[in-house]
Amino acid sequence: MTWPHFLIKAAPAAAESTGTILEAALAVHGVAFRVVKPWRSLPNVSLMTTAPGQPGVWIDAHSYFDRCWVSSYDVPIAGLFGISAVITDNFNTRHVHCNITEAPAEITDPHTAADAMAADVAAHLRTYPSLTGARWVTMASHPASHTEYREAVTAHGTWAHIFSPTGYTKGPSLDTDHVWNAYQRRVTNLTAELR
């Protein structure tokens, strides 16, 4: 054997994994996305998509390959048992799309499964209310700092937002109590500083 030894990465080829299939399905449905690594401590990456004023949708495939459970957007097609798209915001966490089979059943047609996921994500992005054109109403303000507590009513509930030209913001969030409490703390702190 000669030195140096060359190690060959044992990852599946693109044709044998879900990454290109999921990306192509999203592109067909006109959904823009990016690859993100949600947690630095974990090796997995996900596809994430969103529209202005909307929370992100996290897309992953799930496979049981070589006696290991794998969840990421780019997993081996062999053993593929699920594709999911999850939205998490200040209201709750819920599935936009969930196609999980019971092990050891596998998804036999990954292209059709990816297309179904992409269709659901595209429909979600069209129907979820964008806050870009929301009508924000100032509910309370602190004139000395120009800090305002604002609310906007949408089909998905009342959103709260703190705005200040000095750069302090909070929200938008469906957790209006949390944002209101943050506004009150800010006003209290600014009032104490002025004394």
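**Rings, helices and buried residues**

Analyst: Tyr64, Trp69 and Phe81 form one aromatic cluster. Please keep in mind that this is a predicted model.

User: How many aromatic pairs does the count come to?

Analyst: With ring centres required to lie within 6.5 Å, the count comes to 5 aromatic pairs. One of them joins Tyr64 and Trp69, with 4.5 Å from centre to centre and 55 degrees between the planes.

User: What makes the pair of Tyr64 and Trp69 an aromatic pair, and is it stacked, edge-to-face or tilted?

Analyst: The centre-to-centre value of 4.5 Å falls within the 6.5 Å limit, so the rings pair. Stacked needs planes under 30 degrees apart and edge-to-face needs over 60. An angle of 55 degrees meets neither condition, so the pair is tilted.

User: How do you know whether Tyr64 is buried, partly exposed or exposed? And what about Trp69?

Analyst: Buried means under 20% relative accessible area, and exposed means over 50%. Tyr64 has 38%, so it is partly exposed. Trp69 has 54%, which is over the 50% mark, so Trp69 is exposed.

User: Why is the pair of Trp180 and Tyr183 called stacked?

Analyst: The planes of Trp180 and Tyr183 are 25 degrees apart, which is under 30 degrees, so the pair counts as stacked. The ring centres are 5.4 Å apart. As for where they sit, both belong to helix 3 (residues 176-194); because they are 3 residues apart there, about one helical turn separates them.

User: Which of the labels buried, partly exposed and exposed fits Trp180, and which fits Tyr183?

Analyst: Trp180 has 30% relative accessibility, between the two cut-offs, so it counts as partly exposed. Tyr183 comes to 5%, which is under 20%, so Tyr183 is buried.

User: Let's turn to the helices. What makes helix 1 and helix 2 oblique to each other?

Analyst: The axes of helix 1 (residues 19-28) and helix 2 (residues 110-127) cross at roughly 45 degrees. Roughly parallel would need an angle under 35 degrees, and roughly perpendicular would need 65 to 115. The crossing angle fits neither, so the two helices are oblique. Their axes come within 8 Å, and the crossing is right-handed.

User: Which residues of helix 1 and helix 2 meet?

Analyst: From helix 1 there are Ile21, Leu22, Ala25 and Leu26, and they meet Pro110, His111, Ala114, Asp115, Met117 and Ala118 of helix 2. The buried residues of helix 1 are Gly19, Ile21, Leu22, Ala25 and Leu26. These pack against strand 2 (46-49), strand 3 (57-65) and strand 5 (80-88) as well as helix 2. Gly30, with a positive phi near 75 degrees, follows helix 1.

User: What makes Leu125 a buried residue?

Analyst: The relative accessible area of Leu125 is 16%, under the 20% cut-off, so Leu125 is buried. Leu125 lies in helix 2. Apart from neighbours within four places in sequence, it is in contact with Val31, Thr49, Thr50, Ala51 and Gln54. Its C-alpha atom is also 9.0 Å from that of Val57, although the two residues are 68 places apart along the chain.

User: How do you know that Thr49 counts as buried?

Analyst: Thr49 has 1% relative accessibility, under 20%, so the label buried applies. This residue is in strand 2. Leaving out residues up to four places away in sequence, Thr49 touches residues including Phe33, Ile59, Val121 and Leu125.

User: What makes the approach of the Thr49 side chain to the backbone oxygen of Ala32 a polar contact?

Analyst: A polar atom of the Thr49 side chain lies 2.4 Å from that oxygen. The limit is 3.5 Å, so the distance qualifies.

User: And why is His161 called buried?

Analyst: His161 has a relative accessible area of 15%, under 20%, so it is buried. His161 lies in strand 9 (residues 157-163), and its side chain reaches the backbone oxygen of Lys170 at 3.2 Å. Among the residues that His161 touches are Trp136, Tyr149, Pro172 and Val179.

User: What does the secondary structure of the whole protein chain come to, and what percentage of its residues count as buried?

Analyst: There are 3 helices and 10 strands, and 37% of the 195 residues count as buried.

Notes: Residues numbered from 1 in each chain as written. Predicted model: local features only at pLDDT ≥ 70, side-chain atom pairs only at ≥ 80, totals over all residues. Heavy atoms only, no water. Phe/Tyr/Trp six-rings, centres within 6.5 Å; stacked < 30°, edge-to-face > 60°. Buried < 20%, exposed > 50% of the residue type's maximum accessible area, 1.4 Å probe, protein only. Helix = DSSP H or I, 4+ residues; strand = E, 2+ residues; numbered from the N terminus. Polar contact = N/O pair within 3.5 Å; in protein donor to acceptor, adjacent residues only side chain to side chain. Contact = heavy atoms within 4.5 Å. Axes fitted to C-alpha atoms, helices over the stretch in contact; angles between N-to-C directions. Parallel < 35°, antiparallel > 145°, perpendicular 65-115°, else oblique. Left-handed = near helix turned anticlockwise from the far one by under 90°.
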